[in-house]
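Dear colleague,

I am handing over the structure we spoke about, and below it you will find my notes on the aromatic rings and on the ligand site.

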Amino acid sequence: MTRTVYVNGEYLPEAEAKVSIFDRGFLFADAVYEVTSVLDGKLIDFEGHAVRLRRSLDELEMAEPCTKDELLEIHRRLVELNGIEEGLVYLQVSRGSDGDRDFVFPSADTDPSLVLFTQNKPGLADSPAAQKGAKIISIEDIRWGRRDIKTVQLLYPSMGKMMAKKAGCDDAWLVEDGYVTEGTSNNAYFVKNGKIITRPLSNDILHGITRKAVLRMAAEAQMEIEERLFTIDEAKEADEAFTTSASAFVMPVVEIDGVALGDGTPGPIAKRLREIYLDESRKAAV
Ligand code: PDD
(Lines give C-alpha, C1' and ligand atoms only; values in the text may rest on other atoms or scores of the structure.)
Protein backbone atom coordinates (compact mmCIF):
# COMPACT_ATOMS: atom_id res chain seq x y z
CA MET A 1 0.00 0.00 0.00
CA THR A 2 1.42 3.36 -0.99
CA ARG A 3 1.53 5.99 1.73
CA THR A 4 -0.46 9.16 1.58
CA VAL A 5 1.68 12.12 2.61
CA TYR A 6 0.96 15.80 3.14
CA VAL A 7 2.81 18.54 1.26
CA ASN A 8 1.85 22.22 1.44
CA GLY A 9 -1.90 21.81 1.59
CA GLU A 10 -2.25 18.59 -0.41
CA TYR A 11 -2.68 14.93 0.52
CA LEU A 12 -0.85 12.92 -2.15
CA PRO A 13 0.53 9.43 -2.84
CA GLU A 14 4.17 9.56 -1.67
CA ALA A 15 5.56 9.18 -5.20
CA GLU A 16 3.69 12.29 -6.36
CA ALA A 17 4.74 14.56 -3.49
CA LYS A 18 7.26 17.22 -4.51
CA VAL A 19 9.38 19.88 -2.80
CA SER A 20 11.56 22.35 -4.71
CA ILE A 21 15.27 21.55 -5.07
CA PHE A 22 15.79 25.15 -3.87
CA ASP A 23 13.98 24.45 -0.61
CA ARG A 24 16.16 25.75 2.24
CA GLY A 25 15.50 22.59 4.21
CA PHE A 26 17.27 20.66 1.42
CA LEU A 27 20.08 23.15 0.76
CA PHE A 28 20.80 24.60 4.23
CA ALA A 29 19.10 22.27 6.78
CA ASP A 30 17.04 25.43 7.41
CA ALA A 31 14.11 23.47 8.79
CA VAL A 32 12.66 22.19 12.03
CA TYR A 33 10.75 19.00 12.75
CA GLU A 34 8.67 17.03 15.22
CA VAL A 35 8.05 13.31 15.65
CA THR A 36 4.81 12.35 17.37
CA SER A 37 4.04 8.76 18.25
CA VAL A 38 0.76 7.00 17.58
CA LEU A 39 -0.69 4.30 19.82
CA ASP A 40 -4.15 2.76 19.31
CA GLY A 41 -4.52 5.06 16.29
CA LYS A 42 -4.20 8.16 18.51
CA LEU A 43 -1.54 10.84 18.95
CA ILE A 44 0.66 10.84 22.04
CA ASP A 45 1.25 14.28 23.57
CA PHE A 46 0.29 16.24 20.44
CA GLU A 47 0.02 19.41 22.54
CA GLY A 48 3.63 19.14 23.76
CA HIS A 49 4.96 18.66 20.24
CA ALA A 50 2.88 21.56 18.87
CA VAL A 51 4.18 23.88 21.61
CA ARG A 52 7.81 22.87 20.99
CA LEU A 53 7.37 23.31 17.22
CA ARG A 54 6.14 26.85 17.83
CA ARG A 55 9.18 27.53 20.01
CA SER A 56 11.62 26.15 17.40
CA LEU A 57 9.99 28.32 14.71
CA ASP A 58 10.09 31.42 16.93
CA GLU A 59 13.76 30.89 17.81
CA LEU A 60 14.62 30.80 14.09
CA GLU A 61 12.20 33.60 13.16
CA MET A 62 10.42 31.25 10.83
CA ALA A 63 6.75 31.71 9.96
CA GLU A 64 4.15 29.30 11.29
CA PRO A 65 2.80 27.30 8.36
CA CYS A 66 -0.70 26.91 9.86
CA THR A 67 -2.59 26.93 13.15
CA LYS A 68 -2.29 24.28 15.85
CA ASP A 69 -5.83 23.07 15.13
CA GLU A 70 -5.00 22.68 11.44
CA LEU A 71 -1.85 20.73 12.37
CA LEU A 72 -3.88 18.40 14.58
CA GLU A 73 -6.34 17.87 11.75
CA ILE A 74 -3.52 17.01 9.29
CA HIS A 75 -1.93 14.58 11.78
CA ARG A 76 -5.25 12.84 12.40
CA ARG A 77 -6.16 12.65 8.74
CA LEU A 78 -2.80 11.09 7.80
CA VAL A 79 -3.09 8.54 10.62
CA GLU A 80 -6.54 7.62 9.37
CA LEU A 81 -5.71 7.58 5.63
CA ASN A 82 -2.69 5.34 6.28
CA GLY A 83 -4.43 3.10 8.81
CA ILE A 84 -1.77 3.65 11.49
CA GLU A 85 -2.47 1.89 14.78
CA GLU A 86 1.11 2.09 16.10
CA GLY A 87 3.73 4.29 14.53
CA LEU A 88 4.96 7.82 14.09
CA VAL A 89 3.97 11.04 12.38
CA TYR A 90 6.94 13.05 11.08
CA LEU A 91 6.42 16.78 10.51
CA GLN A 92 8.90 19.18 8.93
CA VAL A 93 8.67 22.92 8.40
CA SER A 94 11.35 24.61 6.32
CA ARG A 95 11.88 28.26 5.51
CA GLY A 96 10.78 27.46 1.96
CA SER A 97 12.51 29.03 -1.00
CA ASP A 98 12.27 32.00 -3.29
CA GLY A 99 13.61 29.99 -6.18
CA ASP A 100 17.40 30.19 -5.88
CA ARG A 101 20.29 29.36 -3.52
CA ASP A 102 21.23 32.26 -1.27
CA PHE A 103 22.69 32.27 2.26
CA VAL A 104 20.56 35.30 3.07
CA PHE A 105 17.08 34.37 4.28
CA PRO A 106 14.36 34.90 1.66
CA SER A 107 11.90 37.74 2.21
CA ALA A 108 9.47 37.37 5.10
CA ASP A 109 6.51 36.78 2.79
CA THR A 110 8.08 33.56 1.40
CA ASP A 111 5.84 30.63 2.31
CA PRO A 112 7.36 27.99 4.60
CA SER A 113 7.19 24.38 3.35
CA LEU A 114 5.15 22.00 5.47
CA VAL A 115 5.59 18.25 4.97
CA LEU A 116 4.15 15.41 7.03
CA PHE A 117 4.27 11.65 6.62
CA THR A 118 3.48 8.61 8.73
CA GLN A 119 5.67 5.62 9.59
CA ASN A 120 3.87 2.39 10.38
CA LYS A 121 5.56 0.63 13.33
CA PRO A 122 3.50 -2.29 14.57
CA GLY A 123 4.87 -3.46 17.95
CA LEU A 124 6.21 -0.01 18.88
CA ALA A 125 4.87 -0.29 22.43
CA ASP A 126 5.52 -4.00 22.90
CA SER A 127 9.03 -3.67 21.53
CA PRO A 128 11.52 -6.59 21.68
CA ALA A 129 14.33 -3.99 21.74
CA ALA A 130 12.95 -2.53 24.98
CA GLN A 131 12.77 -6.00 26.53
CA LYS A 132 16.43 -6.57 25.71
CA GLY A 133 17.66 -3.06 26.50
CA ALA A 134 20.12 -0.99 24.49
CA LYS A 135 23.90 -1.17 24.39
CA ILE A 136 25.47 2.24 23.94
CA ILE A 137 28.84 3.76 23.26
CA SER A 138 29.97 7.26 24.21
CA ILE A 139 31.24 9.68 21.58
CA GLU A 140 32.24 13.32 21.57
CA ASP A 141 29.40 15.82 21.11
CA ILE A 142 30.43 18.04 18.20
CA ARG A 143 26.98 19.39 17.31
CA TRP A 144 26.08 23.10 17.14
CA GLY A 145 25.24 25.16 20.23
CA ARG A 146 21.43 25.39 19.88
CA ARG A 147 20.36 21.80 20.39
CA ASP A 148 17.22 23.04 22.12
CA ILE A 149 15.91 23.95 18.65
CA LYS A 150 14.72 20.81 16.89
CA THR A 151 16.38 21.37 13.54
CA VAL A 152 16.92 18.79 10.80
CA GLN A 153 20.73 19.04 11.13
CA LEU A 154 20.96 15.33 11.90
CA LEU A 155 24.15 14.33 10.12
CA TYR A 156 26.23 13.92 13.28
CA PRO A 157 23.49 12.02 15.16
CA SER A 158 23.27 9.70 12.11
CA MET A 159 27.05 9.26 12.15
CA GLY A 160 26.85 8.51 15.88
CA LYS A 161 24.31 5.76 15.27
CA MET A 162 26.60 4.32 12.60
CA MET A 163 29.59 4.40 14.97
CA ALA A 164 27.43 2.51 17.50
CA LYS A 165 26.39 -0.09 14.89
CA LYS A 166 30.01 -0.61 13.85
CA ALA A 167 30.87 -1.23 17.51
CA GLY A 168 28.09 -3.85 17.72
CA CYS A 169 25.91 -1.49 19.80
CA ASP A 170 22.53 0.18 19.40
CA ASP A 171 23.11 3.85 20.05
CA ALA A 172 25.53 6.52 21.26
CA TRP A 173 25.53 9.03 24.11
CA LEU A 174 27.21 12.34 23.41
CA VAL A 175 29.79 13.81 25.75
CA GLU A 176 30.84 17.46 25.89
CA ASP A 177 33.44 18.92 28.28
CA GLY A 178 33.42 15.62 30.15
CA TYR A 179 29.65 15.56 30.71
CA VAL A 180 26.93 13.57 28.94
CA THR A 181 24.58 15.83 26.98
CA GLU A 182 22.03 13.37 25.53
CA GLY A 183 21.66 10.43 23.17
CA THR A 184 21.80 10.78 19.38
CA SER A 185 17.99 11.00 19.30
CA ASN A 186 16.91 10.76 22.93
CA ASN A 187 17.47 12.15 26.41
CA ALA A 188 19.79 10.25 28.76
CA TYR A 189 19.35 9.15 32.41
CA PHE A 190 20.99 6.84 34.92
CA VAL A 191 19.79 5.50 38.25
CA LYS A 192 21.96 5.19 41.36
CA ASN A 193 20.63 4.04 44.75
CA GLY A 194 17.05 4.58 43.56
CA LYS A 195 17.67 8.18 42.35
CA ILE A 196 17.11 9.16 38.71
CA ILE A 197 19.79 11.51 37.43
CA THR A 198 19.55 13.51 34.19
CA ARG A 199 21.08 16.66 32.73
CA PRO A 200 19.10 19.88 33.36
CA LEU A 201 17.47 21.72 30.44
CA SER A 202 19.58 24.32 28.61
CA ASN A 203 20.56 25.12 25.02
CA ASP A 204 22.82 22.05 25.13
CA ILE A 205 20.04 19.47 24.80
CA LEU A 206 16.66 19.03 23.20
CA HIS A 207 13.84 19.66 25.65
CA GLY A 208 12.29 16.25 25.18
CA ILE A 209 8.53 16.01 25.29
CA THR A 210 8.86 12.46 26.60
CA ARG A 211 11.42 13.68 29.16
CA LYS A 212 8.94 16.18 30.57
CA ALA A 213 6.15 13.59 30.83
CA VAL A 214 8.39 10.86 32.27
CA LEU A 215 9.88 13.17 34.94
CA ARG A 216 6.38 14.26 35.94
CA MET A 217 5.21 10.64 36.16
CA ALA A 218 8.33 9.61 38.10
CA ALA A 219 7.72 12.42 40.62
CA GLU A 220 4.07 11.37 40.94
CA ALA A 221 5.25 7.81 41.64
CA GLN A 222 7.43 9.22 44.50
CA MET A 223 10.66 8.47 42.65
CA GLU A 224 13.63 10.66 43.51
CA ILE A 225 14.97 12.83 40.66
CA GLU A 226 18.07 14.97 40.42
CA GLU A 227 18.75 17.22 37.42
CA ARG A 228 22.51 17.79 37.22
CA LEU A 229 25.50 17.30 34.96
CA PHE A 230 26.95 13.77 34.99
CA THR A 231 29.95 12.02 33.48
CA ILE A 232 29.99 8.84 31.43
CA ASP A 233 32.04 7.18 34.21
CA GLU A 234 29.26 7.85 36.71
CA ALA A 235 26.75 6.35 34.29
CA LYS A 236 28.95 3.26 33.85
CA GLU A 237 28.80 2.70 37.61
CA ALA A 238 25.02 3.12 37.69
CA ASP A 239 22.55 0.49 38.84
CA GLU A 240 20.63 1.09 35.62
CA ALA A 241 20.16 3.62 32.83
CA PHE A 242 17.63 4.54 30.18
CA THR A 243 16.72 6.99 27.43
CA THR A 244 13.46 8.70 26.51
CA SER A 245 12.08 9.76 23.13
CA ALA A 246 8.82 9.88 21.22
CA SER A 247 10.07 7.08 18.97
CA ALA A 248 11.09 4.60 21.70
CA PHE A 249 9.31 5.93 24.84
CA VAL A 250 11.42 4.74 27.81
CA MET A 251 14.27 2.54 26.53
CA PRO A 252 16.38 0.68 29.11
CA VAL A 253 20.16 0.88 28.63
CA VAL A 254 22.03 -2.26 29.70
CA GLU A 255 25.59 -1.54 28.64
CA ILE A 256 27.78 1.57 28.29
CA ASP A 257 31.16 1.36 26.50
CA GLY A 258 31.27 -2.39 27.06
CA VAL A 259 30.45 -2.15 30.80
CA ALA A 260 27.28 -4.01 31.82
CA LEU A 261 24.97 -2.08 34.17
CA GLY A 262 23.61 -4.05 37.12
CA ASP A 263 23.00 -7.61 35.95
CA GLY A 264 23.06 -6.52 32.31
CA THR A 265 19.27 -6.63 31.86
CA PRO A 266 16.72 -3.78 31.89
CA GLY A 267 16.46 -2.29 35.39
CA PRO A 268 13.29 -2.12 37.50
CA ILE A 269 12.92 1.68 37.42
CA ALA A 270 13.25 1.88 33.62
CA LYS A 271 10.77 -0.98 33.20
CA ARG A 272 8.30 0.59 35.64
CA LEU A 273 8.59 4.03 33.99
CA ARG A 274 8.03 2.49 30.57
CA GLU A 275 4.84 0.83 31.83
CA ILE A 276 3.56 3.98 33.54
CA TYR A 277 4.41 6.15 30.52
CA LEU A 278 2.69 3.85 28.03
CA ASP A 279 -0.34 3.46 30.25
CA GLU A 280 -0.84 7.15 31.01
CA SER A 281 0.00 8.29 27.49
CA ARG A 282 -2.56 5.93 25.98
CA LYS A 283 -5.21 7.34 28.31
CA ALA A 284 -4.37 10.95 27.37
CA ALA A 285 -3.92 10.32 23.60
CA VAL A 286 -5.99 12.40 21.18
N1 PDD B 1 14.29 12.57 18.45
N2 PDD B 1 17.24 14.52 22.08
C3 PDD B 1 17.42 14.46 20.76
C4 PDD B 1 18.72 14.90 20.18
C5 PDD B 1 16.37 14.01 19.94
O6 PDD B 1 16.54 13.97 18.60
C7 PDD B 1 15.15 13.58 20.53
C8 PDD B 1 14.00 13.09 19.71
C9 PDD B 1 15.04 13.64 21.94
C10 PDD B 1 13.77 13.23 22.65
O11 PDD B 1 12.75 14.17 22.44
P12 PDD B 1 11.21 13.72 22.45
O13 PDD B 1 10.99 13.05 23.75
O14 PDD B 1 10.47 15.00 22.33
O15 PDD B 1 11.02 12.77 21.29
C16 PDD B 1 16.09 14.12 22.67
C17 PDD B 1 13.21 12.16 17.57
C18 PDD B 1 12.36 11.08 18.15
C19 PDD B 1 13.79 11.82 16.20
O20 PDD B 1 14.68 12.54 15.79
O21 PDD B 1 13.34 10.89 15.55
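In this predicted model, ring pairs join Tyr33, Tyr90 and Phe117 into a cluster. Tyr33 also belongs to the surroundings of the ligand, where it is listed among the closest residues together with Arg52, Glu182, Thr210 and Ala246, out of 20 that surround the ligand.

Three of these residues make polar contacts that may interest you. The side chain of Glu182 places an N or O atom 2.7 Å from a nitrogen atom of the ligand, a polar side-chain atom of Thr210 is 2.6 Å from a ligand oxygen atom, and Ala246 has a polar backbone atom 2.8 Å from an oxygen atom of the ligand. Of the 470 Å² of accessible area that the ligand has on its own, the protein covers 91%.

The shell consists of five nonpolar, 11 polar and four charged residues. Because domain 1 (4–120) and domain 2 (128–284) both contribute residues to this shell, the ligand lies between them.

Returning to the rings, the structure holds eight aromatic pairs. One of them, Phe190 with Phe230, is edge-to-face, because the planes stand at 65°, with the centres 5.1 Å apart. Since Phe190 lies in strand S10 and Phe230 in the loop between strand S12 and helix H7, this pair ties together parts that are 40 residues apart in sequence; both Phe190 and Phe230 are buried. Phe249 and Tyr277 form a tilted pair, at 5.9 Å between centres and 40° between planes, and both of these residues are buried as well.

Best regards

Conventions: Residues are numbered from 1 along each chain as its sequence is written. This is a predicted model: local features need pLDDT of at least 70, side-chain atom pairs count only at pLDDT 80 or more; totals for chains, interfaces and linings use all residues. Side-chain values use heavy atoms; hydrogens and water are left out. A residue is near a molecule or strand if one of its heavy atoms lies within 4 Å of it. A polar contact is a pair of N or O atoms within 3.5 Å; within protein, one must be able to donate a hydrogen and the other to accept it, and residues adjacent in sequence count only if both atoms are side-chain atoms. Accessible areas come from the Shrake-Rupley method with a 1.4 Å probe; for residues, only the protein chains shown count as cover. Ala, Val, Leu, Ile, Met, Phe, Trp, Tyr, Cys and Pro count as nonpolar, Asp, Glu, Lys and Arg as charged, and the others, Gly among them, as polar. Domain bounds come from an automatic or database domain assignment. Rings of Phe, Tyr and Trp (its six-membered ring) pair if their centres lie within 6.5 Å; planes under 30 degrees apart count as stacked, over 60 as edge-to-face and the rest as tilted. Helices (H or I, at least four residues) and strands (E, at least two) are DSSP runs, numbered from the N terminus. Buried means under 20% relative accessible area, exposed over 50%, partly exposed in between (1.4 Å probe, protein chains only).
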